[in-house]
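Dear colleague,

Please find below the structure that I am handing over to you. My findings follow it, and I would be grateful if you read them with the structure open beside you.

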Amino acid sequence: MPSDHDLVAAVRAGMTKINIATQLNKVFTAAVRDSLSADPVAVDPRRYGSAGRDAITSEVSRLLRLLGARGIVQEETAGRRGSRTPGAGTDTMAGGAGESLSPVE
């Protein structure tokens, strides 16, 4: 993953899609490893898995703050209100390319 500075610069330059899965996988795995190192007899994945989930939560929050996504999410949500249109007996939401998206089943 690029540095925080480079990430912010890329978004400011107009980049709208950034893959962060590898970064989140690294954060999750490191937290699980730390948890298992601290308690080597742990066998309950709910215990060490929660360390990974907490680490991902913190990292996603950090990235959202870094990129100022809070305002972006609020703008997106406001822009989509009322964009639901009925379609063949089910509600659909307008897609980004002007196409309708089916509801998730």
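In which helix is the place of glutamate 59? Glutamate 59 has its place in helix H3, where helices (H or I, at least four residues) and strands (E, at least two) are DSSP runs numbered from the N terminus.

Before the details, a note on conventions. This is a predicted model, so local features need pLDDT of at least 70 and side-chain atom pairs count only at pLDDT 80 or more, while totals for chains, interfaces and linings use all residues. Residues are numbered from 1 along each chain as its sequence is written, and side-chain values use heavy atoms, with hydrogens and water left out.

Overall picture

The chain has four helices and three strands, in the order α-α-α-α-β-β-β along the sequence. Of its 105 residues, 14% are buried; buried means under 20% relative accessible area, exposed over 50%, and partly exposed in between (1.4 Å probe, protein chains only). The accessible surface of the chain is about 8,100 Å², and 55% of this belongs to carbon and sulfur atoms; these areas come from the Shrake-Rupley method with a 1.4 Å probe, and for residues only the protein chains shown count as cover. Among contacts (heavy atoms within 4.5 Å) in the chain between residues at least 6 apart in sequence, 37% join residues at least 24 apart.

Confidence

The mean pLDDT of the chain (the predictor's confidence in each residue, from 0 to 100) is 77, and 65% of the residues score at least 70. Among the elements of the chain, H2 has the highest mean pLDDT, at 96, and strand S2 (residues 90–94) the lowest, at 41. The pLDDT is below 50 over residues 82–98, a stretch that nevertheless has 24 contacts in the model beyond near neighbours in sequence.

Helix H2

H2 has 18 residues and reaches 26 Å from its first C-alpha to its last, close to the 26 Å expected at 1.5 Å a residue; the expected span is 1.5 Å times one less than the number of residues. Its buried residues include Gln23, Leu24, Val27, Ala31 and Val32. These lie on the same side of H2, because they cover an arc of only 165 degrees around the axis, taken from the directions from the helix axis to the C-beta atoms. An α-helix has 3.6 residues a turn, so residues three or four places apart point the same way. On the other side of H2, Thr22, Lys26, Arg33 and Ser37 are exposed. Lysine 26 has a relative accessibility of 51%, and its C-alpha lies 9.2 Å from that of isoleucine 56, 30 residues apart in sequence. The cover over the buried residues of H2 includes helix H3 (45–67).

Helix H3

H3 has 23 residues and reaches 32 Å from its first C-alpha to its last, close to the 33 Å expected at 1.5 Å a residue. Its buried residues are Gly49, Gly52, Ala55, Glu59 and Leu63, and what covers them includes helix H1 (4–12) and H2. Arginine 47, also in H3, is exposed, with a relative accessible area of 62%. The C-alpha atoms of arginine 47 and leucine 36 are 9.4 Å apart in space, and the two residues are 11 apart in sequence. After H3 comes glycine 68, whose phi is positive, near 65 degrees.

Where H2 meets H3

Glutamate 59 is buried, with a relative accessible area of 9%. Leaving aside neighbours within four places in sequence, glutamate 59 is in contact with Gln23, Leu24 and Val27. With the same neighbours set aside, glutamine 23 is in contact with Met1 and Glu59. Which side chain makes a polar contact with the side chain of glutamine 23? That of glutamate 59 does, at 3.1 Å; a polar contact is a pair of N or O atoms within 3.5 Å, where within protein one must be able to donate a hydrogen and the other to accept it, and residues adjacent in sequence count only if both atoms are side-chain atoms. The C-alpha atoms of glutamine 23 and isoleucine 56, 33 residues apart along the chain, are separated by 9.2 Å.

With kind regards
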